[in-house]
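Me: Please take a close look at one part of this model, the open sheet together with what lies around it and follows it in the chain. I would like a connected account rather than a list.

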Amino acid sequence: MPKSANQKMKLLYLADMLRRESDEENPLTVKDITARLEAAGIPVERKTVYDDISTLEQYGMDIIKERRGRETVYWLGARAFELSEVKLLVDSVQASRFITEKKSRELITKLEGLTSRAQAKQLRRQVVLTGRVKADNESIYYGVDAIHQAINGDRQVRFRYFSWDRNGRRHARRNGEWYVVSPWALMWMDENYYLVTYAAATDDIRHYRVDKMTAIEVLDEPRLGGQRFKEFDMARYARGLFGMFGGEMVRVTIEARNDMANVLIDRFGRDIWIDPIDKERFSAKVEVAMSDQFLCWIIALGEDVRLVGPQSAVARMQEIMRRLQRQYEE
C-alpha cells in the first residue's frame with residue numbers, strides 16, 4: 001500500500017488502537033502509539049501524534065490524558081457501553097436458553113469488541129457455564145428477526161412446528177404441514193420466546209414457542225385480527241400463562257391464607273382484585289389461561305390455597321385430582 005494511502009488511514013488506526021488497546025489500567029504512551037502505527041506501516045513523528053489525538057477529541061472521542069511518573073499516558077474514557085454494562089449483556093446471552101451455544105460464543109466475541117482487549121479477558125472470566133440446557137435450534141436467531149419484519153411490515157408468516165419424541169428427535173406437528181398465522185407480538189416468558197398470534201379460523205389468540213418453529217417465512221398477505229389486538233392486554237395475558245400450552249382465558253377465584261398474598265402478587269401483579277374473607281384468609285380474582293399447568297400450580301401451593309370458582313374450573317381440578325389418585329394408587 002502506498003505511503004500516502006497509509007497516512008490517510010492513520011486516524012482510523014489511531015482511533016481503533018485507543019478503543020481496543022487502551023483503558024485506565026492499560027494506558028498508552030506516545031512511544032507506544034508511534035510503535036504500533038509504524039508496525040502497521042504508517043511512519044509517524046511524535047508531534048503529529050498530539051495533533052491526531054486532538055483531532056479525535058474534536059470528533060468526540062473521550063481521550064483521557066494523565067501524567068504518570070515521567071510519562072504522559074492516554075486512554076479512551078467513555079465508551080458506548082461501560083464494562084459493567086457489557087458484562088451484563090454477556091451474562092444475559094450466556095443465560096438465555098433460546099440462544100444456542102454456538103451463537104452464544106459468536107455474540108460474546110462481538111460484545112468483547114466493545115471493550116479493550118484487556119477488559120475482554122474480564123468478560124471471558126465473567127462467563128460461568130452453569131450446565132443449563134441451551135436451545136439447539138440454530139435458526140431461532142434469524143427466525144426472531146423474520147418475525148419482527150413481519151410484525152413491522154403488517155404481514156402474515158408461515159412456519160413448521162415440531163415437538164420431541166422419546167428418542168430425543170424432532171417430530172413435525174401436523175405431519176409437517178405449514179402453520180399460517182398473523183403475528184402480533186413476541187413475548188419473553190420462562191426463559192423462552194413466544195410468538196403471540198391471531199388465529200382467524202377460530203377467532204382467538206394463540207401462542208407458539210419460537211425455538212420450536214422452523215422454516216419461518218414472511219408472506220405477502222396482510223395480517224388479520226387488528227381489532228382483537230386493540231382490545232388485547234398483553235401483560236395480563238402473559239401473567240395468566242402457565243407453560244407454553246395455554247387455553248381459554250378464564251377469570252378464576254382463589255381463596256388463600258394471608259401469607260400467600262405475596263405468591264399471588266408475584267405471579268399476577270399488584271393490580272389483582274383482593275377481598276378479605278376474615279382475619280386469616282382472603283379471596284382473589286385473576287385471569288388465567290385455563291390449563292392443567294395452572295391447576296397443578298395451584299395444587300403445588302398446598303392446602304393454604306384453594307380454587308373456588310368458576311364451577312367449570314373446580315370440576316376440572318377435581319378430575320385432575322381423581323386422575324392423579326388413580327395414577328399413583330398401588
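Reply: Since the model is predicted, what follows describes computed geometry, and a suitable place to begin is the end of the chain segment that carries Tyr 328, a residue of helix 13. Tyr 328 counts as exposed because its relative accessible area is 63%, above the 50% cut-off for that class. Together with Ile 299, Met 321 and Leu 324, Tyr 328 makes a nonpolar surface patch of about 380 Å². Helix 13, which spans residues 311-328, supplies the largest share of this patch, namely 3 residues.

Going back along the chain from helix 13, one comes to Pro 310, which sits in the loop between strand 13 (305-309) and that helix. The peptide bond that leads from Gly 309 into Pro 310 is cis, its omega being near 0 degrees. This deserves a remark, because most peptide bonds are trans.

Strand 13 leads in turn to the sheet itself, an open arrangement of 4 strands in the order 11-12-10-13 with antiparallel pairing. Its edges are strand 11 (273-276) and strand 13, each of which pairs on one side only. From one strand to the next, the twist averages 30 degrees. Within this order, strand 10 (residues 249-257) and strand 12 (residues 281-289) run antiparallel and are joined by 9 bridges; one pair of bridge partners consists of Val 252 and Val 286, the latter in strand 12. Helix 11, made of residues 261-268, lies across strand 10, strand 11 and strand 12, and its direction makes an angle of about 25 degrees with strand 12.

Two residues elsewhere in the chain can be set beside the cis bond as further points of backbone geometry. Asp 154, in the loop between helix 8 (140-153) and strand 4 (155-164), has a positive phi, near 60 degrees, although it is not glycine. Asn 175, in the loop between strand 5 (170-172) and strand 6 (179-189), likewise has a positive phi without being glycine, here near 55 degrees. Most residues other than glycine have a negative phi. As to their surroundings, Asp 154 is partly exposed, because its relative accessibility is 32%, whereas Asn 175, at 78%, counts as exposed.

How values were computed:
Residues numbered from 1 in each chain as written. Predicted model: local features only at pLDDT ≥ 70, side-chain atom pairs only at ≥ 80, totals over all residues. Heavy atoms only, no water. Patch = residues over 30% accessible without salt bridge, like charges linked within 9 Å, V, L, I, M, F, W, Y side chains within 5 Å. Areas by Shrake-Rupley, 256 points an atom, 1.4 Å probe, with all protein chains shown as cover. Salt bridge = Lys/Arg side-chain N within 4 Å of Asp/Glu carboxyl O. Helix = DSSP H or I, 4+ residues; strand = E, 2+ residues; numbered from the N terminus. Buried < 20%, exposed > 50% of the residue type's maximum accessible area, 1.4 Å probe, protein only. Pairing = 2+ DSSP bridges. Axes fitted to C-alpha atoms, helices over the stretch in contact; angles between N-to-C directions. Contact = heavy atoms within 4.5 Å.
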